[in-house]
Amino acid sequence: MDAKDIVIQKADETHVKYAEQICRLIFESAKQRNTGIAKREPSYIASKMTGGKAVIALDGERLVGFSYIESWSHGDFVATSGLIVDPEYRRLGVAARIKEQTFQLARERFPFAKIFSITTSLPVMKLNTRMGYKPVTLNELTQDDEFWQGCQGCVNYDVLQRNNRRVCLCYGMLYDPADENTEKKPSRLAPYVMAVKNFFNKIFRIKK
């Protein structure tokens, strides 16, 4: 198989036919990780596709991978979730391409929202870091109860409860667009610093 043949795109109503297969892939992956957290209903996956909140990877007509976004706390936070790649297509860079497109979709749909991810996967952590996510404690993520109810099926849910949803065996990672704007915004002192630098440059040129 050739990674170049894999097309990754925003999912829509034409991809609903893959919803059951996606649910099976997510469930099998959860079994392998022994978390028990990732059960999804086909109707839920289909709603993400028809709502323009999902990314799908296809090799011709064959399903290769999938991911979706979900907003929380009245749109203040967005989670990228359900990232899955068919085992036969792993180690081809597909997960990274899906992750990047899902991230861009979240930025387009919710440009001012903080984007977060909770994971135990080292490769996902590396991908997140490359895109500007930073590690955070779980209490810095959405406090929407509905989101955290989704963790009830995890074998480590009692750890999360005992720590008041602050820490667990999952790692929290957060991308805050405000950080990016701060980095790009010039300091108020920048013009004065530049003027001083130019002044001393002129003096040194005169002395020479």
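**Figure 1. A cluster of rings.** Which residues do ring pairs link into a cluster? They are Trp72, Phe77, Phe116, Phe147 and Trp148. Keep in mind that what you're looking at is a predicted model. In total, the structure holds 9 aromatic pairs, and the next two views pick out a couple of them.

**Figure 2. Trp72 meets Phe147.** These two rings form an edge-to-face aromatic pair, with 5.4 Å from centre to centre and 70° between the planes. The pair ties together distant parts of the chain: Trp72 belongs to strand β3 (residues 62-72), while Phe147 belongs to helix α5 (residues 145-149), and the two are 75 residues apart. Are these partners buried or exposed? Trp72 is buried, at a relative accessible area of 12%, and Phe147 is buried too, at 11%.

**Figure 3. Phe77 meets Phe116.** Here is another edge-to-face aromatic pair, with centres 6.0 Å apart and planes at 80°. Once again distant parts of the chain are linked: Phe77 sits in strand β4 (residues 77-85) and Phe116 in strand β5 (residues 114-119), 39 residues apart. Phe77 counts as buried because its relative accessibility, 12%, is under the 20% cut-off. Phe116 is buried as well, with a relative accessible area of just 1%.

**Figure 4. The sheet, strand by strand.** Zoom out a little and you'll find an open sheet of 7 strands, with mixed pairing and the order β1-β2-β3-β4-β5-β7-β6. What are the edge strands? They are β1 (6-10) and β6 (134-136), each of which pairs on one side only. From one strand to the next, the twist averages 25°. Inside the sheet, β4 and β5 pair in the parallel sense over 3 bridges. To spot that pairing, look for Val78, whose bridge partner in β5 is Ile115.

**Figure 5. The largest nonpolar core.** This core has 24 residues, and the ones touching the most other members are Ile6, Ile8, Ala57, Val94, Ile98 and Tyr133. Which elements give two or more residues to this core? The list runs β1, β2 (54-59), β3, β4, α3 (94-109), α4 (122-130) and β7 (171-175). Helix α3 provides the largest share, 6 residues. As a rule, nonpolar side chains in soluble globular proteins tend to be buried together.

**Figure 6. Ile98 and its contacts, plus another core.** What is Ile98 in contact with, once its neighbours within four places in sequence are left aside? The residues in contact with Ile98 are Ile8, Val55, Ala57, Gly65, Phe66, Ser67, Leu83, Ile84 and Val85. Apart from the largest nonpolar core lies another one, of 17 residues, and Ala19, Ile22, Ala46 and Met49 are among them.

**Figure 7. Stepping back to the whole protein.** Now for the full picture: 8 helices and 7 strands. The protein has 208 residues, and 39% of them count as buried. How much area does the protein expose? About 12,700 Å², with carbon and sulfur atoms supplying 53% of it. Finally, take the contacts between residues at least 6 apart in sequence: 68% of these join residues at least 24 apart.

Conventions. Residues numbered from 1 in each chain as written. Heavy atoms only, no water. Phe/Tyr/Trp six-rings, centres within 6.5 Å; stacked < 30°, edge-to-face > 60°. Helix = DSSP H or I, 4+ residues; strand = E, 2+ residues; numbered from the N terminus. Buried < 20%, exposed > 50% of the residue type's maximum accessible area, 1.4 Å probe, protein only. Contact = heavy atoms within 4.5 Å. Areas by Shrake-Rupley, 256 points an atom, 1.4 Å probe, with all protein chains shown as cover. Pairing = 2+ DSSP bridges. Axes fitted to C-alpha atoms, helices over the stretch in contact; angles between N-to-C directions. Core = buried A, V, L, I, M, F, W, Y, C linked by side-chain atoms within 4.5 Å.
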